[in-house]
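Visitor: Could we go through this structure together, piece by piece? I am new to this, so plain answers would help.

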Amino acid sequence: MKEHLSESFKHSLMTNGYGDPFSILGMHKSDKGGVFIRVCYPGADKIEVISYDEQKVIGEMKNIHSYGLFQLNLPEEKSFFDYKLHIYFLDGRNYITEDVYRFAPVLSDFDLHLLNEGTHKNLYDKLGAHLINHQGVDGVFFAVWAPNAKRVSVIGNFNMWDGRRHMMRNRAGNGVWEIFIPHLVEGEFYKYEIVDNKGQVLPLKADPVGFAAELRPNTASAVYNPKRYQWADDQWMEKRAKNQDPLHKPMNIYEVHLGSWRRNSLEGNRFLTYRELAQELPEYVKYMGFTHVEFLPVSEHPFDGSWGYQTLGLYAPTARYGNPDDFKFLVDCLHREGIGVIIDWVPAHFPKDTYGLDYFDGTALYEHADTRKGEQKDWGTKIYNYGRNEVANYLLANALFWIREYHIDGLRVDAVASMLYLDYGRKAGEWLPNQYGGHENIEAISFLRRLNEWIYAENSGVVTFAEESTSWPMVSRPTYLGGLGFTFKWNMGWMNDTLQYMHRESVHRKYHQSEMTFSFVYAFNENFTLPLSHDEVVHGKGPLIDKMTGDRWQKFANLRAYYGFMYAHPGKQLLFMGNEFAQDHEWKYNDSLSWNLLLNSDHSGVQKLIKDLNELHILQPALHELDFEEKGFEWIDGSDVEHSVISFIRKAKNDKDFLVCVSNFTPATLYDYKVGVNHSGIYEEILNTDNLKYGGSGVLNQGQIQTIEPGWNFKKYALNLTIPPLSTIILKPVQLNNEE
């Protein structure tokens with residue numbers, strides 16, 4: 001190695017960088033014999049090389065470039081040795097430190113091969129910032145993917161945010177840059193300073209695999225140990241791993257935005273922290289009988305008003321509510337109460353904030369270069385390049401990261417439709433067809449299939465949900481059958497049709513009964529979740545209670561009847577927070593739910609109904625065992641349009657375990673209303689949304705109800721019932737006669 005560098009090379013090294021600074025800096029053999037040490041410390045006045053035990057000054061280094069390049073020649077030394085640096089500054093400060101350029105690489109060649117191949121399931125153990133002991137020294141190892149950069153440096157308070165201090169090595173030119181910085185500790189904020197291939201310094205970048213982030217509006221990443229937390233949910237995790245058949249188990253989901261479920265009104269209406277939420281949310285969810293919570297995206301994001309859906313820190317729980325261990329504590333507490341945790345996950349797009357993934361190394365790295373494929377103009381965001389192995393690996397490993405490191409039980413994948421179609425939200429001429437001339441995004445389809453295959457290969461009982469709003473086939477069918485492989489698909493058609501029906505005046509409903517019955521035509525084509533999500537109570541849509549018609553009493557009766565119909569319908573249920581007590585205004589992401597409404601009997605009545613429906617859903621196998629099989633459902637009558645009545649039977653695996661479900665969507669009480677059944681015996685009403693305790697008028701079918709003959713609705717027997725106004729009732733046989 002040459003002891004002398006040309007002036008032009010020195011200048012280039014200190015300004016534009018060099019792909020392998022470790023070949024220039026640190027200790028090297030001299031081509032003239034002996035060794036020399038070369039270091040980079042802009043701002044230093046004097047640097048001494050001292051023995052590793054700090055007992056001896058080996059020599060003072062010479063400043064060989066005005067930007068802070070120093071060198072010490074040791075022609076008498078025949079071999080390498082350990083040393084430290086004593087740095088002096090003009091203001092009198094001085095300290096002793098390690099030379100980062102004396103440390104060997106950390107990543108193995110095999111790791112680099114897997115990262116480049118896009119198959120590294122533990123990518124997050126290799127990229128990002130990691131607290132390690134390397135060559136006997138504690139510190140932080142940094143690694144980042146930036147294949148088209150000319151220089152990448154780690155910067156932070158520890159080096160005065162100067163990119164010349166800690167220039168990283170580009171391992172074998174493969175695009176993964178790494179460096180070990182000794183003696184750094186947890187909590188250090190950092191970014192990457194990247195010089196592009198044209199020599200331009202880019203806007204400072206947060207770490208794409210940062211495990212923690214600075215509280216907004218600041219945007220740095222933070223060194224954090226994601227593996228320190230001591231979990232106490234072993235019982236839950238063991239039970240989950242044995243649950244390899246989620247389709248036949250009860251599942252009713254409570255969708256939550258952590259920043260607005262409840263706020264601290266005594267302290268400026270601030271967010272509750274993860275740990276404060278852990279004291280209240282699990283208890284409430286358990287009391288209400290929900291089996292799962294689903295959090296709107298918890299990954300770090302720059303703008304509160306995006307609700308988390310414009311994510312830039314996929315590997316970091318948002319700092320708004322605390323640190324990563326605090327979020328783990330919240331998950332832990334929910335698990336200990338027997339409640340599963342689902343998170344919204346956003347691999348469809350990312351925002352253009354300059355500190356994020358946008359033109360990360362000066363090129364279209366995570367996105368497509370052609371905006372006809374790389375931008376979602378309606379949302380002002382970039383689209384991931386799923387066809388690039390490293391980008392797909394980045395996203396796939398992130399899904400596993402949440403499952404493994406945060407014990408997440410399910411991922412609800414946002415905006416799947418926008419991923420599947422190349423022309424989603426685009427006019428003619430604004431998109432590029434695939435290689436076959438079609439509008440299907442073949443790369444995204446492959447990505448989604450791999451996602452579900454990677455997750456199910458974990459054998460951990462984790463489930464996935466697709467928010468997919470089109471008629472794309474086999475979303476929730478296995479990949480080996482040609483499906484996308486999701487466990488469940490959100491039924492957006494059911495939600496749109498039924499809410500449209502409920503918004504109609506009752507006298508007009510008989511002309512539109514198909515809006516309530518059409519979903520039964522395709523109910524078993526997919527494994528559907530029935531969502532009444534946050535999307536239905538924002539952007540001027542108003543709260544659910546305002547989508548109901550009539551006077552105040554009728555609005556609440558309509559809502560209760562609708563909820564009863566929803567829980568009786570095949571599929572798993574999802575309710576956004578506040579829907580369970582009929583929140584009376586549109587959801588606001590920056591304000592608390594109106595919990596004071598529960599002082600009113602109308603609102604508390606709806607809450608009691610949801611609690612009872614959740615309990616019924618769990619206790620009655622007919623409401624969950626055969627949600628996705630035609631043999632679990634049988635029509636009684638879906639065509640009584642004159643009375644706007646819909647009736648059907650829900651069945652469990654045991655043929656004699658079934659429920660009779662009847663909904664009346666007019667304000668008229670129907671007396672002596674016959675409902676056909678297949679089995680004679682005695683039935684009892686186990687739920688009636690018109691019950692006084694729910695705020696209804698108290699029209700009930702009390703006591704035992706004996707079947708009569710002749711039958712009705714093409715059934716052998718019948719029940720003679722009183723159907724309350726605007727209600728859903730559910731009946732269960734308590735004694736069946738022996739029948740030949």
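Visitor: Which residue is the bridge partner of C661 in strand 39?
Guide: In strand 39 the bridge partner of C661 is I730; please keep in mind throughout that this is a predicted model. Strand 39, which covers residues 727-736, pairs with strand 34 in the antiparallel sense, and 5 bridges link the two.

Visitor: Does strand 34 have another partner, and what is it? I mean, which strand pairs with strand 34 over 7 bridges?
Guide: That is strand 33, residues 645-651, which also runs antiparallel to strand 34. As one example of how the two line up, S647 stands opposite V662 in strand 34. Strand 33 and strand 34 together form a hairpin, and 6 residues lie between them.

Visitor: And how many residues of strand 34 are buried?
Guide: Strand 34 spans residues 658-664, and 7 of its 7 residues are buried, so the strand is largely enclosed by the rest of the structure. Both of its faces are covered, with F658, V660, V662 and N664 buried on one side, and L659, C661 and S663 buried on the other.

Visitor: Let's change topic to strand 7. How many of its residues are buried?
Guide: In strand 7, which runs over residues 83-88, 5 of the 6 residues are buried, and the strand is therefore described as mostly covered.

Visitor: Which residues stand across from I87 in the strands beside it?
Guide: On the strand 3 side, I87 is the bridge partner of I47, and on the strand 8 side I87 stands opposite Y95. Strand 3, residues 46-51, pairs with strand 7 in the antiparallel sense over 6 bridges, while strand 8, residues 94-97, is joined to strand 7 by 4 bridges and also runs antiparallel. Strand 7 and strand 8 make a hairpin with 5 residues between the strands, where G92 takes a positive phi near 95 degrees.

Visitor: What about the barrel, in what order do its strands run?
Guide: The barrel is closed and has 8 strands in the order 17-20-23-27-28-29-30-31, with parallel pairing. Neighbouring strands of this sheet are turned against each other by 25 degrees on average, direction ignored. To take one pair, strand 29 (residues 488-490) and strand 30 (residues 528-532) run parallel and are joined by 2 bridges, and the bridge partner of K489 in strand 30 is F528.

Visitor: Which helix lies across strand 23, strand 27 and strand 28?
Guide: That is helix 10, residues 442-456, and its direction is at about 160 degrees to strand 28.

Visitor: I see R412 is in strand 27. Is R412 buried or exposed?
Guide: R412 is buried, and its relative accessible area is 0%. If we leave aside its neighbours within four places in sequence, R412 is in contact with E294, Y309, I342, I343, D344, W345, F465, E467 and W490.

Visitor: Now the helices. At what angle do helix 5 and helix 14 pack?
Guide: Helix 5 (residues 274-288) and helix 14 (residues 601-619) pack at an angle of about 75 degrees, and their axes are 8 Å apart. That makes helix 5 roughly perpendicular to helix 14. In this contact, Y284, Y287 and M288 of helix 5 meet Q607, I610, K611 and N614 of helix 14, and by class the residues divide into 4 nonpolar, 2 polar and 1 charged.

Visitor: And how do helix 11 and helix 13 cross?
Guide: Helix 11 (residues 492-502) and helix 13 (residues 552-568) cross at roughly 150 degrees, and their axes come within 11 Å. They are therefore roughly antiparallel to each other, and their crossing is right-handed. Helix 11 contributes W494, M495, T498, L499 and M502 to the contact, and helix 13 contributes N558, Y562, F565 and M566. By class, this contact has 7 nonpolar, 2 polar and no charged residues.

Visitor: One last thing, what is the strand order in the open sheet of 3 strands?
Guide: The order is 24-26-25, and the pairing is antiparallel. Strand 24 (350-351) and strand 25 (375-376) stand at the edges with a single partner strand each, so one side of each has no neighbour in the sheet. Strand 25 is joined to strand 26 (residues 381-382) by 2 bridges, and Q376 stands opposite T381 in strand 26.

How values were computed:
Residues are numbered from 1 along each chain as its sequence is written. This is a predicted model: local features need pLDDT of at least 70, side-chain atom pairs count only at pLDDT 80 or more; totals for chains, interfaces and linings use all residues. Side-chain values use heavy atoms; hydrogens and water are left out. Axes are lines fitted to C-alpha atoms, for helices over the stretch in contact, and angles run from 0 to 180 degrees between N-to-C directions. Angles under 35 degrees count as roughly parallel, over 145 as roughly antiparallel, 65 to 115 as roughly perpendicular and the rest as oblique. Contact means heavy atoms within 4.5 Å. Ala, Val, Leu, Ile, Met, Phe, Trp, Tyr, Cys and Pro count as nonpolar, Asp, Glu, Lys and Arg as charged, and the others, Gly among them, as polar. Two strands pair if DSSP finds at least two bridges between them. Buried means under 20% relative accessible area, exposed over 50%, partly exposed in between (1.4 Å probe, protein chains only). A crossing is left-handed if the near helix is turned anticlockwise from the far one by less than a right angle, and right-handed if clockwise.
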